[in-house]
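Got your viewer open? Let's take a walk around the aromatic side chains, one selection at a time.

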Amino acid sequence: MEIKEFQQMIKNIYFHRDSKRGLERTFLWFVEEVGELAEALRKEKQENIEEEFADVLAWLVSLANLANVDLEKAALKKYPNRCPYCGKNPCECEKE
């Protein structure tokens, strides 16, 4: 599945609820899911880690839908198969 397809699937399922909730409250749900992912990573429970990554991705896509952002297009524009800072693949930046 392409990013665009996943984004459309999430839009079909949740956009009516997300739009009622609004961007700010949806962002708060996203942040909560990021916190749950952090906890799952800390506890190193693989099943929970996978579930929380999926939740974070779904909420990120919901935010993009509300903001009218095509995530696939935005990601490829920022990361066109090379580092956006040094221009290399693999990255040779000194940054961490």
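What follows is a short tour of ring pairs and one charge over a ring. Keep in mind that you're looking at a predicted model. Searching the whole structure turns up two aromatic pairs.

**Stop one: Phe27 and Phe30.** Select both and show the side chains. The ring centres are 6.0 Å apart and the planes meet at 40°. That angle is neither under 30 degrees nor over 60, so the pair is tilted. Now turn on the cartoon: both residues belong to helix α2 (residues 23–43), and because they are three residues apart there, about one helical turn separates them. Add a surface if you like. Phe27 is partly exposed, with 41% relative accessibility, whereas Phe30 comes out at 15% and counts as buried.

**Stop two: Trp29 and Trp59.** Select these next. Is the pair stacked or tilted? With centres 5.4 Å apart and planes at 5°, it's stacked. Zoom out a bit to see where the partners come from: Trp29 sits in helix α2 and Trp59 in helix α3 (residues 46–66), so this pair ties together parts that lie 30 residues apart in sequence. Back to the surface view: Trp29, at a relative accessible area of 39%, is partly exposed, while Trp59 is buried at 15% relative accessibility.

**Last stop: Lys11 and Phe15.** Finally, pick these two and look at the ring of Phe15. Lys11 lies over its face, 5.2 Å from the ring centre.

Note on methods:
Residues numbered from 1 in each chain as written. Predicted model: local features only at pLDDT ≥ 70, side-chain atom pairs only at ≥ 80, totals over all residues. Heavy atoms only, no water. Phe/Tyr/Trp six-rings, centres within 6.5 Å; stacked < 30°, edge-to-face > 60°. Helix = DSSP H or I, 4+ residues; strand = E, 2+ residues; numbered from the N terminus. Buried < 20%, exposed > 50% of the residue type's maximum accessible area, 1.4 Å probe, protein only. Lys NZ or Arg CZ within 6 Å of the ring centre and 35° of its normal.
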